[in-house]
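Here is a set of short exercises to work through with the model open on your screen. Try each task before you read its solution.

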Amino acid sequence: MSTTQQQSQDIMRLPAERLYADEIAALIKADKGKVPTGWQMSPQAVLTFITGGKAGKTVITPKYIGNKRLVEMAIATLVTDRALLLIGEPGTAKSWLSENLTAAIYGHSGLVVQGTAGTTEEQVRYSWNYAMLLANGPTPEALVQSPIMRAMEAGGIARFEEISRCASEVQDALISILSEKTISVPELGKEVSAHKGFSIIATANTRDRGVNEMSAALKRRFNIIVLPTPSDMETEVEIVKKRVQEIAAAYDLQSAAPADEALQKVVTIFRELRSGMTLDKKEKVKSPAGVISTAEAISLLTNSMALAASFGSGELTDEDLAAGLQGAIVKDDVKDKLVWKEYLDNVMKKRGAEWSGLYTACKELNE
């Protein structure tokens, strides 16, 4: 094994362009479509990369399982000069889709602005190396380019995660960038203009609506696509199964993969608590205060696998699942504990022998 391969194996999380490097190379080689300026493959090849298929003899694994038309709309947006805004509940794969679109189109998904309450306008536009600034004044060498400025110069794609977490003045710094496709640097008397291929993919969480509401002027600069939660049980089970397998392989978890029955039970519990209704629509249930997302289900199962591998037989048991469920659901301790207790007694307990082992294990932890 080469030093580079060993270093790659030691990295906790590879970016999509490295994780799927073989698939990207195969798609580029087999691509017969028209490649837009600044892109490394055609829109049709990008769609195959995201939704799965084949490139020559290489199997392309699906990166997003859901409405194919939404992916087509996202790709078509990026062919134009419009920016793309992906909106959805937590766990609807907004960031994952953003990263993989960028990896397929541009080949570098690391030009990211992470939106938080502490994000500043300088992180959107540019800042300075203050030691060099004090020594020599404003010079090109002292300029620290933001990820967005770097994407503009390279004709690439920048990602803006959780844009609605940022203050309004930070969001509004994007308006002129998206309209004029330039960033003015008055200290140097120059403008940085975007090259063809430049775009921004932003994400926003519907749970953050009202935190820092995006202005109408900024929204007009984006094509907005709403990513729904998985529409049916089978789709959500498939998503969870695929991601759990990928994460378990990345962390080399020495545990057997969850059985289909365990996956079905976890997804059932999450869908019912999320919707406030049992799957058969016969009984209302209370929802906990925290997020009961697909991403949480994936995390729960991988944590349960780690528990089974480290402190059990390596086979996932009801006790391992119960520990994961307790941690995922009971976050606001007083309220969530009551919600979970009611669900156990009013729903899970009545489901018979098939659920009795998990019910007993969950009940013991929730006493």
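**Exercise 1. Find which residue of β7 is the bridge partner of Q114, then say how β4 and β7 pair.**

Step 1. Locate Q114 and look across to β7: its bridge partner there is E161.

Step 2. A word on the model: it is predicted, with local features needing pLDDT of at least 70, side-chain atom pairs counting only at pLDDT 80 or more, and totals for chains, interfaces and linings using all residues. Residues are numbered from 1 along each chain as its sequence is written, and side-chain values use heavy atoms, with hydrogens and water left out.

Step 3. Now step back to the strands. Helices (H or I, at least four residues) and strands (E, at least two) are DSSP runs numbered from the N terminus, and two strands pair if DSSP finds at least two bridges between them. β4 and β7 have 3 bridges, in the parallel sense.

**Exercise 2. Work out the order of the strands in the open sheet, and explain why β4 and β11 each have one side without a neighbour.**

Step 1. Strands of a sheet pair through backbone hydrogen bonds, either parallel or antiparallel.

Step 2. Walk across the 5 strands: the order is β4-β7-β10-β3-β11, with parallel pairing.

Step 3. β4 (112-114) and β11 (222-227) are at the edges with a single partner strand each, so one side of each lacks a neighbour in the sheet.

Step 4. From one strand to the next, the twist averages 15°. Angles here run from 0 to 180 degrees between N-to-C directions, and axes are lines fitted to C-alpha atoms, for helices over the stretch in contact.

**Exercise 3. Describe the surroundings of β7: how many bridges link β7 to β10, and are the residues of β7 buried or exposed?**

Step 1. β7 (residues 157-161) pairs with β10 (residues 199-205) through 4 bridges, again in the parallel sense.

Step 2. Check two positions: F160 is opposite A202 in β10, and R159 has I201 of β10 as its bridge partner.

Step 3. Add the helix: α9 (residues 147-154) packs on the sheet and touches β4, β7 and β10, its direction making about 160° with that of β7.

Step 4. Buried means under 20% relative accessible area, exposed over 50%, and partly exposed in between (1.4 Å probe, protein chains only). In β7, 5 of the 5 residues are buried, so the strand is largely enclosed by the rest of the structure.

Step 5. Both faces are covered: I157, R159 and E161 lie on one side, with A158 and F160 on the other.

**Exercise 4. Find which residues have the most contacts inside the largest nonpolar core, and which helix gives the most to it.**

Step 1. A nonpolar core is a set of buried Ala, Val, Leu, Ile, Met, Phe, Trp, Tyr and Cys residues joined through side-chain atoms within 4.5 Å.

Step 2. This one has 36 residues, and I269, F270, L325, W340, M348 and L358 have the most contacts inside it.

Step 3. α12 (233-250), α13 (260-275), α14 (294-311), α15 (318-329), α16 (333-346) and α17 (353-365) each supply at least two residues. α13 gives the most, with 7 residues.

Step 4. Zoom in on L325. Contact means heavy atoms within 4.5 Å; leaving aside neighbours within four places in sequence, the contacts of L325 include I269, F270, W340 and L358.

**Exercise 5. Decide how α12 and α13 lie relative to each other, and whether their crossing is right-handed or left-handed.**

Step 1. The two axes come within 10 Å and cross at roughly 120°.

Step 2. Angles under 35 degrees count as roughly parallel, over 145 as roughly antiparallel, 65 to 115 as roughly perpendicular and the rest as oblique. α12 and α13 are therefore oblique to each other.

Step 3. A crossing is left-handed if the near helix is turned anticlockwise from the far one by less than a right angle, and right-handed if clockwise. α12 passes α13 in a right-handed crossing.

Step 4. Residues making the contact include M233 and V237 of α12 and L263 and V267 of α13.

**Exercise 6. Try the same with α4 and α6: at what angle do they pack?**

Step 1. α4 (residues 43-51) and α6 (residues 94-105) pack at about 140°, with axes 10 Å apart.

Step 2. That makes α4 oblique to α6, and their crossing is right-handed.

Step 3. V46, F49 and I50 of α4 meet L97, N100, L101, A104 and I105 of α6.
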